[in-house]
Amino acid sequence: MSKFFNKHKKTVLLEIIVAVLLPLIFYFNVFFGKSFGFECANGVMGGNTPFQQEGIKFNEYCKTMIDPGAYVWQHPPHWMESSRQMFDLKIPKWSQNIGVGFPLVANFQSTVFYLPLMPFSILFSITKNLLFLDLFFVTRYIIASIGMFLFIRSFKISKELSWFAGLSYFSIGYFIYLPNIAHHNVDILIPFIAWGINKLYFNKNPKWIGLTGILLGLSMLGGMPESSIFVLFFVGLYSTFLSFFYLKNNSLKYFLYGLFILLLGLGIGAIIYLPGLEFLSNGVTTHVSGINPKSVSWKNVIFLAMPEFFALRNVSEYLTKIDFHIASVNHVGVIISYLYIICSSTFIFWIKKIKNNSQILILLFFWILSLVLLLQQYGIIHFFFFEKLPVFKQTIFTKYSSSLIGFSMISTVVIFLNQVFKKRNYVLLLSGLFISYAIFFANNYYQDVILSSHYIKKYFGFISANAFYALIIVFIITSILIFLRNKKHIAYILLCLALIEAYIYFPKDGDQMRRDSFREPPSFTYLLNKNYKEFRIFGLDHILFPNLSTIYDLNDIRILDAIWPDRYFYYIKEFFAEPNSLQLTGIREHNATKSANLIDNPYFDLMSVKYIISYGDIESKLINNNIIETFLKNKKNDSNIVASSFQIGNESKNILFQHAPGDDAAKIIKPIGAKFLYLYPAISPGIFNINKGNGVTFAAKVIYDKYIIDFQTVRIDPANNRDDQKWSVMKLGPFPQSDESYSFDLELITDPNGDNSYDQSGWGGFIWDNEQMQINQKYQLINSDLMNIYENKQAVPRLHFVKKTIFIGKNNSDVEYENIIKLMNEYRKEITDIAIVDGINNENQDFDPTQVIISESSFEDNQLSFKYSSSQPQYGVLSDAYYPGWNIYMNGVKGKIDPVNLAFRGFNLPAGHNIKVEMKYEPTVFYIGKIISLISIGTCLIIIFKKNKG
């Protein structure tokens, strides 16, 4: 063994082994089928699992996850989409599965062209084995570890300290608590990019312009502009600093080199960012951060060196107390935090050493950079101009600078340690120790957040276990820095402490197996046997994540992205969404104008939604429950009555929730044709069999024209009767004069039984018999395996032909969307047979679609085609998103695509027999971006392989 070690001690073998093994060991329990899987993926749009009926049973790891749905919607869908097209030797440019069509290449979250991902994407697509997804995640941290090691080594710092830096970087909070998120595609390359800049400025070798440009370009191709903007900021700042403060000569020349690296990196990413910029001009931002600037507590200023200095593990409790939600992802650990505090408290000492030590100059650069980023992250300063732009609003008080903060703090600490090793100053170290202790004991604000330990509390009072451990680690670090002489021994001890600390911080988990879609396909894959390409699907109960359907090549009309195509957004907002309708559409704004009623909504049918998926019955979900809204309006100042939802068994219903005793009444409008009103009283299923009391009695009374039409009661006793754990039913009526509409009084009484009755009760359903009939007429249950799949019998095919065109607009200019919406509302009953064309002011025309014969139709991502025959000219409509870049060809001759019915595509077809019609996505801006990317890569390669003279 010693011979082997001696043989390879001058090689990078050991470093590579360490860099590979540490992340693999560190994240082993997270991936590879143990804890981190789809059971953690509660939706970005809601709190339920994507496939399973049962709610999430969190293991300990899931509890600490932030935005766990990102694991699902940022990676596998786009992998499947892009790799499937690449197998066909096509460039992935469009996704027909997201919304009603989406420019995939313009989706900053798609990672379509992220080269390090490609091998895993191919293996993942072939095998459907989640192992390759896990391997990709672990590989990212291996890359981060190697990059950090190389960067620190470029300062001529010892291998041991470089290992310590590598471990500290891949175990920062942003990676620990968000190992799933696609932003790390950008972040893991920060150390590599910094390493390349060091090589350029330290070795003065122009080849590193090309290499660093490629590294920066790879980070740009990772998508996620919120993270990329910080990487670009760092590259510009660091290269400028080295040019004018580190170099003695040729400052302007190397400043231009740094600028050229920025241009090369942006150029390589042009294949994504140019279509993305086009999308910004053709899209609407909908994800507006809910976090607004707020007053900053002085305690936040004190604890900029990381609240995690006190070794907090209970992140869920921690986040309820901290002023800003980004604390957990800013974790760098006790060791880094403590040493950063020492460095911060002794910075004057280091300023005096600048003249004789260029490394101290770089130390101060990273210290100032991390301090400024912390101040920005904690909301104390704002210096990014793009925070004012809607698409970048999320950069305020968010996690996207967290990796750069961790990188800067670790760099500061390791360079600081290297200087301390050279000549330890005991006064400085001791002063740092006492400053740290003083800060800790002044921290009364966080006392109740720190985890309690009964044993430690007994002997050490208010100091809880983890805080006590943190103090021990701080004491050990200070002691070894002061008393040990051998710097290698110090580095090894710090490395061991970092491993222990990583173990303490890293969430533990059980051996819970994953419930992922790739090993046991969910029941909605039943639709794969249908002719689903010509129609779309929609999932209630958060069953289908936006973008997740891409895995199975299913077309889900919802979309979850920072930006929507503008026409589609206004269509959804006007004709389909409802206030607070995030669970249905993904729109986060609360100014939607219409109900999401799917029973009598031709605009919903016009989106070609043929299949609806639900865990239970769909009645209460599809009905706009005016009765609940009426009660809430009458009781707007009563905090004891709210709208909620209960799920009992397989049935989930909207309910009027209240705490008993309650006595509520409202005037209700009976619709025409309704004879009976169904109510579904229930008690929350969460309180059954827990001996909370002897139940609640529900009473409902109907009064019309001063006469009591019906009066019914139901008693539910959850503590003593398991059979009551179901939806009860009240059928009120019959109502007189069923063919007329009139108002009546509905009184609801919830009365506790006994002194210890539980009062978590609700009235659900409120379904009229005519509404029930409408549902039965429109939606047919076709599958009930684990979840119900309903067929919408009134759905309009994606490709259909209309009876009439109505043109709106003149002088080749677009009209306001409001005018189109107004006209569509006027033709509501005929809208599925009409095309309201936005564009040139042509004459309205009538058509006979019964003459159309379609054959050999094919729906693909970047194009669709069919053969068409008709004895008369026709007008076709495709229920796919209208977006620039789509062209239509008839027997090879280019035609024209119109925006139709606000959001979709329309086109004229002449009379003829077997005309081949093709619609292709050929975005000019994408091809321009591809040329710029290829030129930029070519330039980098020329610089790399060009021979240097002398």
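In the predicted model, strand 14 (779-783) is joined to strand 15 (residues 788-792) by four bridges in the antiparallel sense. Within this pairing, N783 has I789 of strand 15 as its bridge partner. The two strands belong to an open sheet of four strands, which follow one another in the order 2-4-15-14 with mixed pairing. Strand 2 and strand 14 occupy the edges of this sheet, and because each has a single partner strand, one side of each is left without a neighbour in the sheet. From one strand to the next, the twist averages 30°.

The mixed character of the sheet can be followed through strand 4 (residues 609-614), which pairs in the parallel sense with strand 2 (residues 536-539) over four bridges and in the antiparallel sense with strand 15, again over four bridges. On the side of strand 2, R536 stands opposite V609 of strand 4, whereas on the side of strand 15 the bridge partner of I613 is I789. I789 thus serves as bridge partner both to I613 and to N783. Strand 4 is mostly covered, six of its six residues being buried. Helix 31 (residues 769-778) lies across strand 14 and strand 15, and the helix runs at about 55° to strand 14.

A second open sheet is built from five strands in the order 20-21-27-23-24, and here the pairing is antiparallel. Its edges are formed by strand 20 (853-859) and strand 24 (893-894), each of which has a single partner strand, so that one side of each is left without a neighbour in the sheet. Inside this arrangement, strand 23 (residues 886-890) and strand 27 (residues 912-921) run antiparallel and are joined by five bridges; N887 has K920 of strand 27 as its bridge partner. In general, the strands of a sheet pair through backbone hydrogen bonds, in either a parallel or an antiparallel manner.

Helix packing is illustrated by helix 6 (residues 118-127) and helix 7 (residues 131-153), whose axes come within 9 Å and cross at roughly 165°. Since angles over 145 degrees count as roughly antiparallel, helix 6 and helix 7 are therefore roughly antiparallel to each other. The crossing of helix 6 past helix 7 is left-handed. To this contact helix 6 contributes F120, L123, F124 and T127, while helix 7 contributes F132, L133, L135, F136 and T139. Grouped by side-chain class, the residues of the contact comprise seven nonpolar, two polar and no charged.

Attention now turns to strand 11 (residues 730-732), in which L732 lies. With a relative accessibility of 0%, L732 counts as buried, because the threshold for a buried residue is under 20% relative accessible area. When residues up to four places away in sequence are not counted, L732 touches K675, F676, L677, L679, A700, V702, D710, Q712 and L746. The C-alpha atom of L732 is separated by 9.5 Å from that of W768, a residue 36 positions away along the chain.

Several backbone features are found in the loops of this part of the chain. The peptide bond from G733 to P734 is cis, with omega near 5°, and P734 is placed in the loop between strand 11 and strand 12 (742-752). The loop between strand 11 and strand 12 also holds Q737, a residue other than glycine whose phi is nevertheless positive, near 50°. Q737 has a relative accessible area of 43% and is partly exposed. A positive phi, of about 55°, is likewise found at D705, which is not a glycine. D705 is located in the loop between strand 9 (696-704) and strand 10 (707-716), and with a relative accessible area of 56% D705 is exposed.

How values were computed: Residues numbered from 1 in each chain as written. Predicted model: local features only at pLDDT ≥ 70, side-chain atom pairs only at ≥ 80, totals over all residues. Heavy atoms only, no water. Pairing = 2+ DSSP bridges. Buried < 20%, exposed > 50% of the residue type's maximum accessible area, 1.4 Å probe, protein only. Axes fitted to C-alpha atoms, helices over the stretch in contact; angles between N-to-C directions. Parallel < 35°, antiparallel > 145°, perpendicular 65-115°, else oblique. Left-handed = near helix turned anticlockwise from the far one by under 90°. Contact = heavy atoms within 4.5 Å. Nonpolar A, V, L, I, M, F, W, Y, C, P; charged D, E, K, R; others polar.
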